[in-house]
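Please open the model in the viewer and keep the sequence panel visible. The tour below proceeds by selection, one stop after another.

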Amino acid sequence: MIVRELITSLGFKVDQSALSRAERGFKSLKHMAYGLTAGVVAVGGAIGYLANKAGEMEQVEIAFETMLGSVEKAKTLIEDITTFAAKTPFELTGIILSAKQLLAFGFEAEEVVGTMTNLGNIAAGIGKDKLPTLVRAYGKIRTKGKATMEELNMLLEAGVPILDELAEKQGVTTTQLFKMISTGKIAFKDVNEAIVGLSTGTGKFANLMIKQSKSFLGLVSNIKDFLEVTIIWMGDELLPMLKDMAKEFLDWVDMNRELIKIRIKEWGQRAREAFKRLRARVEKAAEAVGGFGNILKIVLGLLGLLVVGNFASALHAI
């Protein structure tokens, strides 16, 4: 025990019975502190996690509201996306990101889920990680109004047989198709028709998301989406209160900014003075016990008691 070593090193006799009682008291207090600290950390962490998830969704709603110019449209789109994610092998976070990209490319709110369904079916076949690439390529074609080899190559490299589907839909050979692309005769509507053909009816990737969502990994993904949505709902209940608390704190900071600076400066000065006194005492004690080597444990124990916010660790050191 560091306390015992400190007393004996300084030349004092140790009352074993009294010290034993004190040690038992410290141990009891230590366990209480551990339990209390763990409880506070757990509750604080849970509230923080709930608030963070709800806060992220609040920012998504603000982004959608800004892009769509309507609170109602933003809320409806979030509900539609949440429902969509719950029935597909894709997770909510990725779906939200793709929805933002589609809106940025000029798609209307009413088009987002339908577009995600078509692109999602294809991505479920070639790889779920390819969905962002499909969204970018498809969005670029929508923005330009026509297909170029730049975007079509993005789809080809991702594994989408877009040229074959386009050629079939246009009733031309691949060579003829390349000429049509180079002269700007393949419009966005033609690409959209090819994408719809691949993802619906008898297409190569038709209804693939629904099929995969019934697989084990698909079910796990749906469970994760449900849990995430539940966490967001719980966080929504706490968010107004936490926002009020945060606003009140910031208002207090604004009102007391100069006073806070003064107090910090005073604290810094006291801390420096305290450190100087501690150093002088350590040097004096070191001389009494024959150097710094023998007093190292004592110093570490004392410093542990002085660390703000580390009360449990200090008790453990004792």
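Begin by selecting glycine 171, which follows helix α8 and has a positive phi, near 70°. Helices here (H or I, at least four residues) and strands (E, at least two) are DSSP runs, numbered from the N terminus. The model is a predicted one, in which local features need pLDDT of at least 70 and side-chain atom pairs count only at pLDDT 80 or more, while totals for chains, interfaces and linings use all residues. Residues are numbered from 1 along each chain as its sequence is written, and side-chain values use heavy atoms, with hydrogens and water left out.

**The whole chain**

Display the full protein chain, which has 15 helices and zero strands. Of its 318 residues, 35% are buried; buried means under 20% relative accessible area, exposed over 50%, and partly exposed in between (1.4 Å probe, protein chains only). Switch to a surface view: the accessible surface comes to about 19500 Å², and 62% of this belongs to carbon and sulfur atoms. Accessible areas come from the Shrake-Rupley method with a 1.4 Å probe, and for residues only the protein chains shown count as cover. Among contacts between residues at least 6 apart in sequence, 63% join residues at least 24 apart; contact means heavy atoms within 4.5 Å.

**Helix α8 and its neighbours**

Which residues of α8 are buried? Select Ile162, Leu163, Glu165, Leu166 and Ala167 to see them. The cover over these buried residues includes α7 (149–158), α9 and α10.

Next, add helix α9 (residues 174–182) to helix α8 (residues 162–170): their axes come within 10 Å and cross at roughly 95°. The two helices are therefore roughly perpendicular. Axes are lines fitted to C-alpha atoms, for helices over the stretch in contact, and angles run from 0 to 180 degrees between N-to-C directions. Angles under 35 degrees count as roughly parallel, over 145 as roughly antiparallel, 65 to 115 as roughly perpendicular and the rest as oblique. At this crossing, Leu163, Leu166, Ala167 and Gln170 in α8 meet Leu177, Phe178, Met180 and Ile181 in α9.

Replace α9 with α10 in the selection. The axes of α8 and α10 come within 9 Å and cross at roughly 110°, which means that α8 is roughly perpendicular to α10. The α8 side of this contact consists of Ile162, Glu165, Leu166, Lys169 and Gln170, and the α10 residues they meet include Asp190, Val191, Glu193 and Ala194.

**Helix α6 against α10**

Keep helix α10 (residues 188–199) and add helix α6 (residues 131–144): the axes come within 9 Å and cross at roughly 150°. α6 and α10 are therefore roughly antiparallel to each other. Tyr138, Ile141 and Arg142 in α6 meet Phe188, Val191, Asn192 and Ile195 in α10.

**Salt bridges**

Side chains of opposite charge can pair when their charged atoms come close. A salt bridge is a side-chain nitrogen of Lys or Arg within 4 Å of a carboxyl oxygen of Asp or Glu, and by this rule the count comes to twelve.

Stay with arginine 142, whose side chain meets that of glutamate 111 in a salt bridge (3.4 Å, N to O). Arginine 142 lies in helix α6 and glutamate 111 in helix α5 (residues 109–126), so the pair ties together parts that are 31 residues apart in sequence. Arginine 142 is partly exposed at 23% relative accessible area, and glutamate 111 is partly exposed at 29%.

Then select lysine 144 and glutamate 150, which form a salt bridge (3.4 Å, N to O). Lysine 144 is partly exposed at 42% relative accessibility, as is glutamate 150 at 44%. Adding Lys140 and Glu151 shows a network of salt bridges that links Lys140, Lys144, Glu150 and Glu151.

A further pair is aspartate 129 with lysine 130 (3.9 Å, N to O). Aspartate 129 is exposed, at 59% relative accessibility, whereas lysine 130 is partly exposed, at 25%.

**A loop residue and a surface patch**

Most residues other than glycine have a negative phi. Select asparagine 207, which has a positive phi of about 55° although it is not a glycine. Asparagine 207 is in the loop between α10 and α11 (208–213) and is partly exposed, with a relative accessible area of 41%.

Finish at Phe216, Leu217 and Val220, a nonpolar surface patch with about 330 Å² of accessible area together. Patches are made of residues with over 30% relative accessible area and no salt bridge: like charges are joined within 9 Å, nonpolar side chains (Val, Leu, Ile, Met, Phe, Trp, Tyr) within 5 Å. Valine 220 is in helix α12 (residues 216–255) and is partly exposed, with a relative accessible area of 31%.
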